[in-house]
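I opened my notebook to go through this structure piece by piece. These are my jottings, in the order I looked things up.

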Amino acid sequence: MVYRILVFLFFPLLGYGQNTIGLPDVINYSKQTYAGGLQNWDIKQDKNGIIYFANNEGLLSYDGSKWTLYPLPNKTIVRSVEIGSDNKIYVGGQDELGYFSPGANGRLQYHSLNRLIDNKDKSFGDVWDIVAFHKDIFFRSTYKIFKYSAETIVAYDAPGEWSYLGCCNEQLYAHDYKSGLLYFDSDTWKQLPQKSELPTNDPVTGILSIQKDSALITTLKHGVYFFTKNGITKLQSPNNHLFETERIYAATRINAEWFALASNNSGVYITDLGGNIIQRFSKTEGLQNKNVLSIFLDKQSNLWLGLDNGIDLIVYNSSIKQINPSVQDGSGYSAIIYNRKLFLGTSNGLYSTALEEKTDLSFSRGNFLPVNNAMGQVWRLSEINNQLLLGNHEGAFVIKDNTAQQISAKPGFWNFVPMSNTSPSEKVLAGNYNGLSFFNFSNGQFTPSNEIEGFRESSRFITIDKHENIWVSHPYHGVFKIYKKNDGTYTYLTYTNKNGLPSTLNNHVYKIKNEVVVGTENGVYTYNEEKNSFEPAPFYTKLLGTQSIRYLKEDTDGNIWFIHEKTLGIIDMTGKDPTVFYLPELNNKMLSGFEFIYPVNKNNIFFGGEKGIFHINYEKYKNLSSPLEVQIRSVRIGSETDSLLFGGYFKDINDKQIQDPNSIPKISKDWNTIRFEFSTAVFGFQSSLEYCYRLQGLNNNWSTWTNRSEKEYTNLPPGKYSFEVKVRNNLGKESAIAVYTFKILPPWYQTIWANILYLILFGASLFAIFKWQQKKFDAQQQKLQEEQQRKSYILELELAKTKSTIVDLRNEKLEDEINFKNSELASSAMHLVKKNELHTKIKTELSRIMKVTDNPQLIAELKKMIKTLSEDDNMDKEWESFTKHFDKVHSDFLVELKEKHPTITGSEMKLCAYLRMNLSTKEIAQLMNISVRGVEISRYRLRKKLQIPTEMSLFDYLINDKNTKSE
């Protein structure tokens, strides 16, 4: 009954042949992901790795990070795409054909060739195939094949209907519903000379080269044919009937022996030259739908599928495969190879399949069958004493003849460990939900034995050291050392954070290179027997640091596999020095908390996964490294809106994408944001790539490695910048640096013209300032001069005043002196007057005495005296002395008066002198010894002689006359 059920379940698989047990990852891209149309009709790749799709809504490109859609001007479906030797991307739509090439800003721009087609041929419908043959481009529609060469287009009419156009072994072929398969020669389509079994009414869908003179031909409804120099014959394969039913829509070559056939009804078949099915990919294997319209093998040997709804990528050349033994999804807990069979323990039970002799066991073909009586959680598979033990949720089992035979009904066995290194081991230790149990082995049978009393911890992690001490760890309770006492019983010690461990939680014990180690939250710790405590292991600390380690496993080459959080890594010991790297392809895919690694050899390492088991061909993984090349795919500048500055192509499509130093863009400062997008055309392995970048001119230091493929800068100051980016994979291999150089222009007020204007304004300002300063200086100078003049005037006034004062002082002094001299002269004159009066009195008295005396002698003497007093000489001498003094005081007044009025007499001169001295009339009368009346008369006479005007006084005239003379 069970057999019938299995046959029923697996009948579809048996009908199509066995698939490989391991299948590569299939990545689905829905129309929402690539933002294009549903159907994808054709696929091509340029030399830089960019993939192009003929999509319902235009030409679609993918660079590994970003999808870009380029619609045709008439918005028609793009049915075909080809990259010509002239580095142009040729496309065909409905009544439209042309090519895309980079525009000035590096974005693809469409150029129609319809203008070269004769008017009678312009209604040609859809272009289904485009082929670059030599230097010409051929376009196939249903009734026309167009040849584009040297800016001319020639049309070839179909004998019936053109159904295929392709190139193989340097020959161009076309299929016609009426004439069959034709070849192009001397600008003419000719019939094949060989005998052909091809039906004319069934379109050819692919011609794939096998050798130089042979090929494989696929048809839509009649399967596969061989094409040799002897003719075209039907492929003799039992699967050909299947291919006829499935309708082969497209085909591609994978390697020298394998081909991929894309069907309308059942996905993709991988076959060999004999038509034997190697692998199959349909919805069961992860495709979005089973109708495959186009298929393409890229440079990394990945298979791209253009679907009726979406795009799928089969990472065909990947060294990581998934093995899912159950029709239902189930987690993978354990794996083992036993008696040339692969046993996989899952959450749904135990499965097995026979293995072929393959270096890479994932390519072994077979169907997994469930092991009888082994359903439910399978925790561990162990080969001990040449027998296969199964630890299951329901007990312990031994596997024989694909059936699980229970050896212990105790629930929950985690693992089995032989107590001896010799084979067979007579005693086996088993960890279970409630402690540790022993099994005895005798006569080829395992039988339950005793348990370790007193130890009731769940024992999922067990190892035995060289002293036969049993080490057990519990993620929440610590690490336990179980050792045998002298009486043969066991006891145990508990190690926690008090015994060197960083924490009581999350400790996992393993045996690596015959050493007991513990993976902890703070790295790997080792046991120090002398101190009876744990301490950080220097070897692991140097390589892994203090990151948390959940799992450790040593493989057959001495490499140490480890799991940090949900990331798989390896310490590779095969080189000169240990090397650490990670396998990001499995991030978040492993079974967290129940990690499992089963290393068979360097080509076959199995990992427990959330869905089934993963297989890694580690040798291939290390050596399979596509050349890394990072490309800057777009540069956008933004302010309030975004603008595309660079669209991804510096030169033509297939050229090395290096920026021309003579075409460096200049960006206005108004665009305050610049955003770079970059990528590496390594498909299926994007998770293993990290980017590093810097902006020369802003910061010369490289950034930290990141998986982000974009970078944005804002508010860059004016200047010249070079954005540099490089990529590396998880193996540490780096690419060359991609560079994009640009200039941020200064704002208008910082441009050279502005600087010139500033210079002019500055010069004008300097000139204005100079003029203003000059004017100010002149004004100040004038003001200063005026001030100086004012001050000079004031000074002159002051000097004049001073001089006047001095003159006045001098005059006062002179006047004082004159007054003093006049006083002296007046005194002298008065003295003379007094003297004369005295003389007169004396003479009078002498005369009186002489009259009254009789003495002659006395009279004679008196007469002498009178005579002496009366002499005029002395008077003249006194006058001369007086005149000298007078002239000194009055600046030769008398001399000048005499010169001016020579007729003036001595008495008149005396009168003038006395008048000049401002003496009174009485004083003058006494000095002149005349009466007052006589003085007035003399004054009158003098006025008349001097001709003095009536209105002027005699005194004023004498004063002014002197002054006038002085002037």
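What follows is a set of short entries on sheets, a hairpin, helix contacts and a cavity.

**Before starting.** I reminded myself that this is a predicted model.

**Entry 1, a sheet near residues 40-70.** I began with strand S3 (40-45) and strand S6 (67-70). They belong to an open sheet of four strands, ordered S3-S4-S5-S6, with antiparallel pairing. Why do S3 and S6 each have one side without a neighbour in the sheet? They stand at the edges with a single partner strand each, so nothing in the sheet flanks the other side. From one strand to the next, I noted an average twist of 20 degrees.

Then I zoomed in on one pair. Strand S5, residues 58-62, runs antiparallel to S6, and four bridges join the two. I picked out leucine 60 in this pairing: its bridge partner in S6 is leucine 69.

**Entry 2, another four-stranded sheet.** I moved on to S11-S12-S13-S14, which is the strand order of an open sheet with antiparallel pairing. Which strands are at the edges here? I found strand S11 (129-133) and strand S14 (152-157), each pairing on one side only. With direction ignored, neighbouring strands in this sheet are turned by 20 degrees against each other on average.

Again I followed one pair up close. Strand S13 covers residues 144-149 and is joined to S14 by six bridges, the two running antiparallel. Lysine 144 has aspartate 157 of S14 opposite.

**Entry 3, a hairpin.** Next I looked at strand S38 (residues 395-400) and strand S39 (residues 403-408), which run antiparallel and share five bridges. Phenylalanine 397 has glutamine 406 in S39 as its bridge partner. How many residues sit between the strands of this hairpin? I noted two, and aspartate 401 takes a positive phi near 50 degrees.

**Entry 4, helices around H12.** I turned to helix H12 (residues 932-946) and its contact with helix H10 (residues 906-916): the axes are 10 Å apart and the packing angle is about 100 degrees. That angle falls within the 65 to 115 range, so H10 is roughly perpendicular to H12. On the H10 side I listed Glu908, Leu911, Cys912 and Leu915, and they meet H12 residues including Val935, Arg939 and Leu942. I sorted the contact residues into six nonpolar, one polar and three charged.

I then checked helix H11 (residues 921-928), which also packs against H12 at about 100 degrees, with the axes 8 Å apart. This makes H11 roughly perpendicular to H12 as well. Thr921, Lys922, Ile924 and Ala925 of H11 meet Val932, Val935, Glu936 and Arg939 of H12. For this contact my tally reads four nonpolar, one polar and three charged residues. I underlined Val935 and Arg939, since they turn up in the H10 list and in the H11 list.

**Entry 5, empty space inside.** Rolling a probe the size of a water molecule over the atoms shows where empty space is left. How many cavities of 30 Å³ or more does a search of the whole structure find? I got one, with a volume of about 50 Å³. I wrote down its lining as Lys669, Trp671, Asn672, Thr673, Ile674, Tyr713, Thr714, Asn715, Leu716 and Ile744. Strand S62 (673-680) and strand S64 (710-714) are the elements that give two or more residues to that lining. By class, I counted five nonpolar, four polar and one charged.

Definitions and conventions
Residues are numbered from 1 along each chain as its sequence is written. This is a predicted model: local features need pLDDT of at least 70, side-chain atom pairs count only at pLDDT 80 or more; totals for chains, interfaces and linings use all residues. Side-chain values use heavy atoms; hydrogens and water are left out. On a 1 Å grid over the protein atoms alone, a cavity is a set of points where a 1.4 Å probe fits but cannot get out, and a pocket is an open set with protein on both sides within 12 Å along at least five of seven lines; lining residues have an atom within 4 Å of a point. Grid points are joined across faces, edges and corners, and a volume is the space filled by probe spheres set on the points. Ala, Val, Leu, Ile, Met, Phe, Trp, Tyr, Cys and Pro count as nonpolar, Asp, Glu, Lys and Arg as charged, and the others, Gly among them, as polar. Two strands pair if DSSP finds at least two bridges between them. Axes are lines fitted to C-alpha atoms, for helices over the stretch in contact, and angles run from 0 to 180 degrees between N-to-C directions. Angles under 35 degrees count as roughly parallel, over 145 as roughly antiparallel, 65 to 115 as roughly perpendicular and the rest as oblique. Contact means heavy atoms within 4.5 Å.
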